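This briefing covers a single protein chain, grouped by topic. The sequence and the model come before the notes.

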Amino acid sequence: FKGGDVIHQFSKTSAFLFDKTGTLTEGNMAVSSILSFAEHEKESHLSTLAGMEQKAEHPLSQAILTYAEACGIFIKPVENVRVYRGRGIASEYDGHVFLAGNETLLKEFSRCELSVEEEKAIRAVKDKGETPVLFTKDGKLCLLLGIRDCIRKNAKETIKHLKKRCAGQMIMLTGDHSQAAQIVSDELGLDAFYAGLLLCFKICS
């Protein structure tokens, strides 16, 4: 910032809005856990999932592709992939309907009724601060992946510095679920956060 007037206005700012992924966190997401509900088909399901994720441009997609490649999984050339921003992806391929994304996507398609045990597993992933990615085939949950990002090394000090310079609130915006957002918010000492936002709502904010 240059100029006394700019610094003066800066000190009167009422709120600072930060996007989580890539701003407060490194943005280098990685698969940290994976649970298969059909162990004998785990490799085949992961191959299909990776093939779908090739068609999407999202940090979660890259994390899944990197994981599949590291495991030496063949990536299927999946076709007819549709991207649903902020929810996930879908494909009608090889006579089956595949979904990969969050619980909102599954509800929109009404394709999957989760069991008590499956819902418990999803909550466990969220409680660890991981982002869950659900992969279904013809309405049945096949894979549950937990994906994690790391907080930037200088993020906490930057927030502290801003709080000393102005009285504004430090607010985080994220498309992630509330449990993951809460963990980052607590770690950085933020004043508030808004979770589960689509990109259009972040821009409006």
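Is Thr 136 buried or exposed? Thr 136 has a relative accessible area of 0% and is therefore buried. The model is a predicted one. The protein chain holds 9 helices and 9 strands, and 41% of its 205 residues count as buried.

**Thr 136 and its surroundings**

- Thr 136 sits in strand β6.
- Leaving aside residues up to four places away in sequence, Thr 136 touches Val 97, Phe 98, Leu 99, Leu 106, Cys 112, Leu 141 and Cys 142.

**The open sheet**

- An open sheet is formed by 6 strands in the order β2-β7-β6-β5-β4-β3, with antiparallel pairing.
- At the edges stand β2 (residues 30-36) and β3 (residues 81-84); each has a single partner strand, so one side of each lacks a neighbour in the sheet.
- On average, neighbouring strands of this sheet are turned by 15° against each other, with direction ignored.

**Strand β7 and its partners**

- Strand β7 covers residues 140-148 and is joined to β2 by 6 bridges, the two running antiparallel.
- Between β2 and β7, Ala 30 has Arg 148 as its bridge partner, and Val 31 stands opposite Ile 147.
- β7 also pairs with β6, in the antiparallel sense and over 7 bridges.
- Within the β6 pairing, the bridge partner of Val 133 in β7 is Leu 145.
- The hairpin of β6 and β7 has 2 residues between the strands, and Asp 138 in this hairpin takes a positive phi near 50°.
- Because 7 of its 9 residues are buried, β7 is largely enclosed by the rest of the structure.

**Helices across the sheet**

- Helix α4 (residues 59-70) lies across β2, β6 (residues 131-137) and β7, and runs at about 70° to β2.
- Helix α6 (residues 116-127) likewise lies across β2, β6 and β7, and runs at about 10° to β7.

**The β1-β8 pair**

- Strand β1 (residues 15-19) pairs with strand β8 (residues 169-173) in the parallel sense, over 5 bridges.
- In this pair, Phe 16 stands opposite Met 170 of β8.
- Side chains alternate along β1: Phe 16 and Phe 18 point to one face and are buried.
- Ala 15, Leu 17 and Asp 19 point to the other face of β1 and are not buried.

**Ser 185 in helix α8**

- Ser 185 belongs to helix α8, which spans residues 178-188.
- Ser 185 has a relative accessibility of 4%, and buried means under 20%, so Ser 185 counts as buried.
- Not counting residues up to four places away in sequence, the contacts of Ser 185 are Met 172, Leu 190 and Phe 193.

**The chain as a whole**

- Taken along the principal axes, the C-alpha atoms of the protein chain fill a box of roughly 65 × 30 × 30 Å.
- Among contacts in the protein chain with a separation of 6 or more, 60% come from residues 24 or more positions apart.
- The protein chain exposes about 11500 Å², of which carbon and sulfur atoms supply 51%.
- The chain carries 26 positive and 27 negative charges, and the mean positions of the two sets are 7 Å apart.

How values were computed: Residues numbered from 1 in each chain as written. Predicted model: local features only at pLDDT ≥ 70, side-chain atom pairs only at ≥ 80, totals over all residues. Heavy atoms only, no water. Helix = DSSP H or I, 4+ residues; strand = E, 2+ residues; numbered from the N terminus. Buried < 20%, exposed > 50% of the residue type's maximum accessible area, 1.4 Å probe, protein only. Contact = heavy atoms within 4.5 Å. Pairing = 2+ DSSP bridges. Axes fitted to C-alpha atoms, helices over the stretch in contact; angles between N-to-C directions. Areas by Shrake-Rupley, 256 points an atom, 1.4 Å probe, with all protein chains shown as cover. Lys, Arg positive; Asp, Glu negative; His and termini not counted. Charge placed at Lys NZ, Arg CZ, Asp CG, Glu CD.
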